[in-house]
Amino acid sequence: MASLPKRIIKETERLVTDPVPGITAEPHDDNLRYFKVTIEGPAGSPYENGLFNLELYLPDDYPMEAPKVRFLTKIYHPNIDRLGRICLDILKTNWSPALQIRTVLLSVQALLASPNPNDPLANDVAEDWIKNEQGAKAKAKEWTALYAKK
Amino acid sequence: MGNVPTKLDQDGNPIEPVSRPGYPSGTTGPSSTGTTISTQSGNDTKTRNRRASSLVSSFLNTGNRYRSGSMQDGTYHSPHKRRSTKEKEQLKEQHARNILVKYDESVDGGFMAPFGSYSYDKLDYDTTVVKSLIIQRRLAPFYTPLQDFDSSWSREELLKIVDGLPLHASFDENPEEFEDIPIGDLNKSNFDHLINKNVSKKEYRNMHSKIFKARLYRKRIIWQETENESFLETKLEVREGKAQNSYLPSDDLKFDLYSNGSECPICFLYFPEPLNYSKCCQQPICTECFVQIKRAEPHFPHEEVDPTKPIKDDSEKDPNLLTSEPSNCPYCATANFSIVYTPPLTRKVGIQGIPPARYISSEINPEIIEPLQKDKNENVTTPISNNIVSSDDIRPDWETKLNKERIRLARRSANATAIHVSNQLIDPDYTSTSNDTTMSSSKRSTNTTSRHGSNSASRGSRQRSRQSMNDLENQMIQEAIRLSLEDEQQNKSPKKK
């Protein structure tokens, strides 16, 4: 594999020296493009008090191509499916090379605070969210306690 | 996009003498030839002229008007003729040659081709356009980046680091993609003997293109390494006092370049100022990152969907809905990303400037001021000089690509429909079975039953071929009846409920 671009090296360094509150991201020893990520559930959301594990991978064309991010912890959310895949515009069509690992993870955290059931990835969850928001939120809270214990 | 034809357009010869002898200067990249096709088949030259969104489109319009002129250099093709594989491969080789970094082709201390921070596959911009923009000082040259910069470095330390900079980033000599692909003798243009003759046509083509790619990759490394060696040798000779070379930058130039630089916010590498700046939000971007930014591949517009309804498959959508928006500014997401570049006034060296070796840093350099003043006069005679360069300008083939994709999709769905219809019409078994089921289910239309009954005993192929026209007509009528009966039943059934 070609050597690691300077950008990835610098981003990793800055993530360590200047971490984002509520978010951790550490590269694997054997693959510096692969990060182990944790995100705290935002306060006031059904995911509060949860700690979610994610994986983040920087593809060869990063930063021209978006990082691949996936939830490893089970989560009840209209924009996150059973496999942990995330429906977030900046991870797809609205990706910009000026975004960074840091900004991506902040956006994922923001998605937890404000789900968008009108642009769903998990259809059943989204339907539930639209028809019975209170019930859906209760279930999300329940799953958080069940799977995302700190 | 308010770009207006440049002065070059009026000359009818927009390509500056970029190349050294041996490399045809008027050669257009594969992409710009593609635009020629769309310009002509589109036959709305008026709108195109009005838009004249890029140097190249204006250049190509010129080319169309004077078709007997400089466009006839072997890369021009009739719009109605498809390019052969060989022609396409020649264009690809030419493109690879155009992105070689050469120390003796420089502008203001930077080069005409990228250092190599991004993979070769992604360097699909129009090299001719980019080179001429760099020479016109409308786009920053491709500077060799520094991995890091420390403002505490002394002049000597900085010069030492700059002297050690290579022309091009190191290559991945054996990429996974080309593992186990034979490349044969690169000096011989024919490599058909490398492919097993017994494979299918499709497989053969596949293999051919893979080998071509692997060979081109290898060739490009060799070509660039030749450039690197000649750069190194010249540097050594000059250092030992054996020779003089006007292309190598003077110490003053190296120091002035790199002592005053900044970090590109996208690749995080350190470049000499001035960089390009986004037109919308004034953020810096190096040229190597700028040429990476392009439209997304043609796609259907993203819709917010109702989760309670089934999602429409892409194949059911109208191919004309395929879109491709101009790229957005990476910093502020303003549509149609464009940059503005203000060339350094005290550093006009290289092509159309003084030799890099003769550069002396000083506030007032008479040798530099002179060509600049001349340029200013030229600007007076040229009515409009536009210093904005958009992402579309350097990939003028986006429209052709979009149309191609639309046609491909339309053709695919037309094929599917045609196959479906012909199955119904031509295959007698297909229709007769459906007739039989119609009979059994409806048991009405007595005239067809009797007629069909007499035939059904001897439904051999001989009789069918003799009466095929008759049968076909009958079957079509029966099919029509069946469909109308079905419709009627469907209309009735909800009322019953």
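In this predicted model, the two chains meet through 21 residues of chain A and 21 residues of chain B. On the chain A side, the elements that put two or more residues into the contact are α1 (6–17) and α3 (123–131). Of these, α3(A) is the biggest giver, with 4 residues. As for chemistry, the chain A side of the contact splits into 10 nonpolar, 4 polar and 7 charged residues.

Staying with chain A, the UniProt annotation "domain: UBC core", from an unreviewed entry, spans residues 3–149. Over that stretch the chain is 33% helix and 16% strand, and the C-alpha atoms at its two ends sit 38 Å apart. Chain A also holds an open sheet of 4 strands, ordered β1-β2-β3-β4 and paired antiparallel. At the edges are β1 (23–27) and β4 (68–71), each of which pairs on one side only. From one strand to the next, the twist averages 20°. Strands in a sheet are held in pairs by backbone hydrogen bonds, whether parallel or antiparallel. In chain A, the β3 strand (residues 51–57) is joined to β4(A) by 4 bridges, with the two running antiparallel. One such pairing puts A:L54 opposite A:F71, its bridge partner in β4(A).

Past the sheet comes the annotated cysteine. The unreviewed UniProt entry places the feature "active site" at A:C87, a residue in the loop between β4 and α2 (101–113) of chain A. Is A:C87 buried or exposed? Neither label quite fits: A:C87 has 18 other C-beta atoms within 10 Å, so it counts as partly exposed; the buried class starts at 20 and the exposed class stops at 12. Leaving aside residues up to four places away in sequence, A:C87 touches A:N79, A:D119, A:P120 and A:L121.

Over in chain B there are 16 helices and 8 strands. Of its 497 residues, 29% count as buried. Contacts in chain B reach well along the sequence: among those between residues at least 6 apart, 74% join residues at least 24 apart.

The largest nonpolar core has 40 residues, and the ones with the most contacts inside it are B:V130, B:C264, B:I285 and B:C286. Two elements of chain B, α6 (127–135) and α10 (287–290), each give two or more residues to this core. The largest share, 5 residues, comes from α6(B). One of the well-connected members, B:I285, touches B:C264, B:I266, B:L275, B:N276, B:S278, B:F290 and B:I339, again not counting residues up to four places away in sequence. A second, separate core has 31 residues, including A:F35, A:L99, A:I101 and A:W129.

Helix α6(B) deserves a further word. This helix is mostly covered, with 9 of its 9 residues buried. The buried set is B:T127, B:T128, B:V129, B:V130, B:K131, B:S132, B:L133, B:I134 and B:I135. After α6(B) comes B:R137, whose phi is positive, near 60°.

Two other spots in chain B make a handy contrast. B:E105 is found in the loop between α5 (85–98) and β1 (106–107) of chain B. What puts B:E105 in the buried class? B:E105 has 21 C-beta neighbours inside 10 Å, and therefore counts as buried, the cut-off being 20 or more. Along the chain, B:E105 and B:I351 are 246 residues apart, yet their C-alpha atoms are separated by 7.0 Å. The pair also touch, and B:E105 has contacts with B:F111 and B:M112 as well, not counting residues up to four places away in sequence.

The other spot is B:S422, which lies in helix α12 (residues 398–426) of chain B. B:S422 is exposed, because it has 11 other C-beta atoms within 10 Å and the exposed class takes in counts of 12 or fewer. B:S422 is 95 residues from B:S327 in sequence, and their C-alpha atoms are 43 Å apart in space.

Conventions: Residues are numbered from 1 along each chain as its sequence is written. Chains are lettered from A and ligands numbered from 1 in the order in which they are written. This is a predicted model: local features need pLDDT of at least 70, side-chain atom pairs count only at pLDDT 80 or more; totals for chains, interfaces and linings use all residues. UniProt positions are given in the numbering used here, feature names are shortened, and annotations may be inferred rather than shown by experiment. A nonpolar core is a set of buried Ala, Val, Leu, Ile, Met, Phe, Trp, Tyr and Cys residues joined through C-beta atoms within 7 Å. Two residues are in contact if their C-beta atoms, placed from the backbone, lie within 7 Å. Two strands pair if DSSP finds at least two bridges between them. Axes are lines fitted to C-alpha atoms, for helices over the stretch in contact, and angles run from 0 to 180 degrees between N-to-C directions. Ala, Val, Leu, Ile, Met, Phe, Trp, Tyr, Cys and Pro count as nonpolar, Asp, Glu, Lys and Arg as charged, and the others, Gly among them, as polar.
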